[in-house]
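Thanks for sharing this one. Below are a few friendly notes on its aromatic contacts, set out point by point.

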Amino acid sequence: MAEPTDPDPRATLRGGLPDRYLTPDDIAEMFEVPKETVYQWRKKRTGPPGFRIGKYIRYDPADVHAYVTQRKNADRNAA
């Protein structure tokens, strides 16, 4: 469990774009899925787009926000 001083990634994204790139842990917490799911999304290219910095995966908050918006619009149009 995060310490009270750590911002909740979901609240940070809702309140405005964070000033840092997100980690797979942040994405897993944000979408309430296991971290392994985040890695599977990346492997299958079905989740938010990420990029490598050396051996680490990072996500641009603007790309994650765009992904969520795209998913919401796709669900509305499918209904």
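1. Searching the whole structure, which is a predicted model, turns up three aromatic pairs. In one of them, the ring centres of Y21 and F51 are 5.2 Å apart and the planes meet at 85°, so this pair is edge-to-face; the cut-off for that label is over 60 degrees.

2. It is worth looking at where these two residues sit. Y21 belongs to the loop between α1 (9–15) and α2 (24–31), while F51 is in strand β1 (residues 51–53). The pair therefore links distant parts of the chain, 30 residues apart.

3. Are Y21 and F51 buried or exposed? Y21 is partly exposed, because its relative accessible area of 46% falls between the 20% and 50% limits. F51 is also partly exposed, at 27% relative accessibility.

4. Next, please look at F31 and Y67. This aromatic pair is edge-to-face too, with 6.5 Å from centre to centre and 90° between the planes. F31 lies in helix α2 and Y67 in helix α4 (residues 61–78), so the contact ties together parts 36 residues apart in sequence.

5. The two partners fall into separate accessibility classes: F31 is partly exposed, with a relative accessible area of 27%, whereas Y67 is buried, at 14%. The value for Y67 is under the 20% limit, which means that Y67 counts as buried.

6. Which residues form one aromatic cluster? F31 and Y67 do so together with W41.

Technical notes
Residues are numbered from 1 along each chain as its sequence is written. This is a predicted model: local features need pLDDT of at least 70, side-chain atom pairs count only at pLDDT 80 or more; totals for chains, interfaces and linings use all residues. Side-chain values use heavy atoms; hydrogens and water are left out. Rings of Phe, Tyr and Trp (its six-membered ring) pair if their centres lie within 6.5 Å; planes under 30 degrees apart count as stacked, over 60 as edge-to-face and the rest as tilted. Helices (H or I, at least four residues) and strands (E, at least two) are DSSP runs, numbered from the N terminus. Buried means under 20% relative accessible area, exposed over 50%, partly exposed in between (1.4 Å probe, protein chains only).
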